[in-house]
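Here are some short exercises to work through with the model open beside you. Try each task before you read its solution.

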Amino acid sequence: MPQAMSPWPARMDLLQSLSGLLLVLFIWSHMFFESSILLGEDAMYQVSRMFEGEPFFGKPYPLIVSGVGITIFVLVAVHAILALRKFPGNSRQYRLLHQHMGAIRHPDTTLWYAQVATGFCLFFLIPAHLYTVITQPENIGPYASSDRVWSERFWIVYALLLLTVHAHAAIGMYRLFMKWYAPSGVNAKQTRARMKVAMWCILVFFTVLGSASLLTYMRIGYQHTDSVGERYKPATVQDKGH
Amino acid sequence: MQIIYTDVLVIGGGLAGQRAAIGARRRGHEAIVLSLVPAKRSHSAAAQGGMQASLGNCLGASGDNEDIHFADTVRGSDWGADQQVVRMFTHIAPKAIRELSAWGVPWNRVQQGTRDITINGQKQRIEESAAAHGLITARNFGGTEKWRACYVSDGTGHAMLYTMSNQAIAAGIPVHDRREALALIHDGERCCGAIVRNLQNGELLAYVAKATCIATGGFGRIYRVSTNAIINEGMGAAIALETGIAQLGNMEAVQFHPTAIVPAGILVTEGCRGDGGLLLDSAGHRFMPDYEPNKMELASRDVVSRRMEQHIAAGHGVKGRFGEHLWLDIRLLGKTHIERNLREVKEICHYFLGIDPVSDLIPVRPAQHYSMGGVRTDHRGQSPQLRGLFAAGEAACWDIHGFNRLGGNSVAETVVAGMVVGDSMADYCDSAEGALQISTTLIEAFGRREQQRLATIANGGSGENAFELTRLMQDTMTENVGIFRHGDKLKHAVDTLATLQQRATNITLRSSARGANPELVAAYRLQRMLKLAQCTAYGALQRTESRGAHYRADYPQRNDGQWLNRTLASWPEADARLPTLGYEKLDIMAMELPPGWRGYGDKDHIAHPDTDLRQREINAALAELGDNADRYQRQRTLMPFNHLLPAHLRGHNERLGDKT
Amino acid sequence: MNLIATEEGPRTLQISVLRHNPQDTESTPHWQTFELEEAQSMTLFIALNEIRQTMEPSLQFDFVCRAGICGSCGMLVNGRPGLACRTLTRNLPDKITLAPLPGFELIGDLSVNTGKWMRGMSEHLETWIHQHNLEQTDIDRLEERMEPELAEKIYELERCIECGCCIAACGTARMREDFIGAAGLNQIARFRLDPRDERTDADFYTLVGDESGVFGCMTLLGCEDYCPKDLPLAAQIAFLRGRMVAASL
């Protein structure tokens with residue numbers, strides 16, 4: 001028997017999948033919270049206050065958001081570093097891989113490559129997004145966010161982010177299933193085909209949801225061009241407070 | 001020329017060769033396996049349906065033992081087999097299967113409880129006992145009294161070969177693949193290795209060995225329509241023949257398998273019929289019971305093939321684009337059974353015919369399948385003429401098959417013979433006789449001779465085309481030396497082959513590609529194949545009787561009076577037009593089972609006067625023993641064989657019903 | 001894609017073969033195109049033999065059983081790995097490209113040394129039953145019993161014919177030469193399932209618990225999709241991955 005091997009390859013493989021899974025679950029929840037804007041500015045305001053801890057502590061602590069941002073950043077960093085191991089490491093590997101994909105035109109290999117490509121983009125897009133979240137956690141709200149999207153032209157970043165992150169996440173979930181629990185038995189092919197359909201449905205759903213939200217933020221931001229910097233005051237608070 | 005020294009050289013990497021190598025290696029001898037192809041690609045992998053061994057576990061096998069397996073095999077051989085060797089074989093077969101079971105073959109097992117089977121076109125419910133649960137099960141095969149073909153779905157040979165190869169790898173036995181033996185090195189009395197061509201770069205090298213074993217399988221490719229792999233060109237038997245000393249036995253005994261698909265000639269297993277499949281004609285009529293009321297579709301292969309051709313000749317064949325054929329119907333077995341136990345069959349039908357055997361009929365016609373003949377050996381697997389030369393498996397004529405082999409007995413023979421021959425070679429290497437002193441001059445001389453032969457082909461000739469001549473040989477054999485033989489056609493074949501042999505010396509290569517050069521390979525193999533073809537055709541012409549698979553329309557009776565013997569072919573003069581034939585008498589007075597009717601096929605045969613004499617002798621001996629003697633004592637009285645077995649293989653085989 | 005010859009008569013196939021003879025120092029890889037008339041039930045085995053016999057006698061390729069059983073004839077047919085012997089030309093377009101399986105040592109033209117690769121894999125992974133007293137097995141006695149269902153499950157994995165299609169179809173194997181691929185991982189799954197093999201998951205971890213083994217697999221699924229024997233490779237690798245992670249924790 002050869003000598004004992006390091007347990008780390010196993011752990012890293014698991015960690016890569018787990019971090020990916022957490023990030024996907026995060027991004028999907030994120031989409032629901034973010035799209036609260038579709039239900040109105042008040043709803044989005046409540047959601048953002050909730051994440052600043054107001055319902056629990058009586059007043060908002062934007063640093064909580066920074067904390068979450070940093071956690072996500074760490075997760076993304078871990079996930080990216082682990083994933084990088086699997087990317088073509090040199091030009092020879094890159095060439096061989098392209099040759100292979102060009103000849104075989106195999107859907108699932110192409111899906112993986114889509115993850116590589118989107119992952120590479122996300123490597124730049126996510127930090128750009130997280131930087132503002134971490135450094136300006138208080139600037140999340142119906143007007144603050146919309147101003148950033150429109151007046152500060154962040155919609156370009158978000159649009160790219162939207163397309164790449166959902167492709168990455170949906171494909172990632174399908175591949176995660178195949179990696180750890182591939183279907184077997186007589187219906188294996190059918191089950192896999194269904195999983196793929198589910199993957200596309202999820203991808204379309206979140207892209208549509210995300211686009212609708214983004215367009216809403218853009219609309220609010222556009223309408224708010226003249227009063228950039230003003231913070232949103234929810235109707236209820238306005239009535240009670242002042 | 002590079003010279004490689006080893007104790008044991010095994011030519012052929014199939015089941016027989018690798019088992020022999022493992023046997024020798026376990027006895028402490030260095031062994032090298034030579035193979036045309038990677039060992040796991042050998043033709044053994046194509047054995048589908050099963051391996052005969054009288055385990056007697058499942059219901060259909062209950063009561064089975066060596067005695068019944070022996071009788072089935074001898075009847076199957078049409079009394080052409082060496083009965084002592086058949087005894088050795090049937091005795092070792094259960095051990096072989098149990099050894100393979102321990103080594104990892106996933107044999108199908110008995111499932112206790114009731115299940116439905118198909119017999120004679122009808123569904124029947126049977127119940128397997130709890131006592132047998134989990135033991136190796138078996139399926140029905142042609143020409144057998146009991147269900148005896150142990151199987152792994154219909155990939156039996158594949159599973160066995162992979163397990164065997166893995167054991168050989170575990171034992172550290174090197175397989176030198178993509179290498180081909182061109183000639184045996186010998187001094188006229190003793191074989192001491194082979195001159196070998198590397199099929200990747202074309203270089204020649206010499207392997208010098210104390211013991212050399214030929215395990216290269218059959219020579220089906222001398223026929224146009226054959227179920228054999230395309231590497232089955234009989235080169236092992238051919239180089240033995242080319243020594244001019246070693247003899248080949250019963251080369252005219254060629255088996256045609258009833259169910260090869262049309263037109264590709266790919267085999268679908270006998271298991272199809274064993275599991276209940278039927279043969280139908282153009283009218284959808286099940287015709288076998290008309291000819292063979294006892295065994296029907298499950299008579300021996302020679303009989304079924306003959307009946308099929310007879311039925312086609314009578315105008316009942318299905319006319320198709322590729323000539324006439326009949327139908328194999330396994331639809332009645334049901335989807336579950338087919339997808340579980342006949343999945344290779346389903347795959348072959350899907351890919352090569354575009355049909356699904358669950359709902360469609362399979363077009364079949366008999367095709368060349370097996371060579372009963374091969375390098376004649378004694379009971380320990382050694383050539384009686386050339387010391388140090390051994391043979392095992394289909395390449396050998398150890399002679400358990402005589403003139404017709406039973407389905408499942410070949411794959412069993414490979415392993416059993418491998419066990420025996422591995423041991424024999426080890427004994428030989430250990431003995432004083434095995435010590436080898438050889439001069440490099442002799443090795444060099446053989447090397448130069450082969451180099452010269454290759455150069456002659458590569459540089460000379462007068463325009464003959466190797467591929468074209470090969471096709472002509474194959475056509476000649478399929479058309480004239482097939483299932484139904486006749487003196488006129490055989491004469492024609494002998495003459496045509498002689499002409500082709502002459503023409504084959506005038507081959508001109510169109511390609512001078514470096515390395516293997518496939519055209520050169522085709523050319524030198526053709527010259528050797530023609531000699532094997534001639535041994536077959538000439539042997540068939542001379543044998544003026546019908547026995548087993550050798551059927552002479554002009555001499556339709558089995559003639560024990562004149563032909564109860566084994567043909568021995570040799571080729572002493574390299575340039576001779578024909579082989580030299582000799583005959584080895586089969587002594588009825590030493591037989592445990594004297595000749596009679598097989599239980600299927602034609603009933604009329606010309607009996608030998610000794611038959612009755614021997615039968616009376618047997619009756620008397622058994623009467624003298626009394627009723628208390630067990631079956632071992634009775635057998636020993638008639639024809640002792642235990643002393644012929646390797647010492648470690650002499651124990652009785654335990655069975656479920658044994659009284660302890 | 002069902003391009004069966006029409007009533008108009010047989011098609012003329014244009015078969016382009018990627019040729020190279022490493023034995024010849026002057027040879028460089030190049031495409032050579034052959035034209036031949038399609039016959040009924042023609043397979044690539046028949047087509048290639050016809051090309052060799054009538055047009056290009058030096059053309060190298062490997063066929064053994066020509067029945068899809070032995071695994072010798074894996075090659076890239078129009079870029080995709082498959083068994084040439086059972087590929088019917090009627091299922092292919094007029095223009096066919098044939099290239100040797102990548103990932104293996106090239107012997108010449110379409111012939112590659114899959115056998116050497118597979119033997120290396122077997123030696124590395126020790127693909128045989130490990131039992132301490134195997135040589136002492138008493139073969140006169142009744143065999144060890146096994147559940148019928150388990151025997152069938154083992155055979156399901158034993159059906160691999162080592163054709164190399166899974167390796168050629170695998171992007172990981174293309175990038176990493178030491179990757180044992182689905183062929184190797186399937187062997188581990190097979191012996192892990194077999195109660196006759198005494199090795200534990202910890203033992204198997206030492207064989208496949210790294211980037212050249214199960215953790216190198218990126219789930220590209222080329223193996224699963226191009227296995228000519230339809231082996232459940234993805235499921236086996238997924239299962240093995242789980243067991244190996246469990247063994248490491």
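The exercises below go from single salt bridges to a surface patch and then to chains.

This is a predicted model, in which local features need pLDDT of at least 70, side-chain atom pairs count only at pLDDT 80 or more, and totals for chains, interfaces and linings use all residues. Residues are numbered from 1 along each chain as its sequence is written, chains are lettered from A and ligands numbered from 1 in the order in which they are written, and side-chain values use heavy atoms, with hydrogens and water left out.

**Exercise 1.** Find the salt bridge between B:Arg19 and B:Glu99: which helices does the pair link?

*Solution.* Start with the criterion: a side-chain nitrogen of Lys or Arg within 4 Å of a carboxyl oxygen of Asp or Glu. The N to O distance for B:Arg19 and B:Glu99 is 2.8 Å. Next, place the partners: B:Arg19 lies in helix α1 (residues 15–26) of chain B and B:Glu99 in helix α3 (residues 83–103), 80 residues apart. Helices here are DSSP runs of H or I with at least four residues, strands are runs of E with at least two, and both are numbered from the N terminus.

**Exercise 2.** Classify B:Glu519 and its partner B:Arg510 in the salt bridge by accessibility.

*Solution.* Set the classes: buried is under 20% relative accessible area, exposed is over 50%, and partly exposed is in between (1.4 Å probe, protein chains only). B:Glu519, at 1%, is buried. B:Arg510, at 43%, is partly exposed. The closest N and O atoms of the two are 3.4 Å apart.

**Exercise 3.** Locate the nonpolar surface patch of chain A: which helices each supply at least two of its residues?

*Solution.* Patch members have over 30% relative accessible area and no salt bridge; nonpolar side chains (Val, Leu, Ile, Met, Phe, Trp, Tyr) are joined within 5 Å, like charges within 9 Å. This patch includes A:Phe33, A:Met50 and A:Phe56, and its residues together have about 740 Å² of accessible area (Shrake-Rupley method, 1.4 Å probe; for residues, only the protein chains shown count as cover). The helices are α2 (41–51), α3 (54–57) and α4 (62–84). A:Phe56 lies in α3 and is exposed at 61%.

**Exercise 4.** Which chains touch with the most contacts?

*Solution.* Count heavy atoms within 4.5 Å as a contact. Of the two pairs of chains that touch, B and C have the most contacts. Chains A and B share no contact, and their closest C-alpha atoms lie 11 Å apart. Finally, look at chain C itself: nine helices and seven strands, with 66% of its 249 residues buried.
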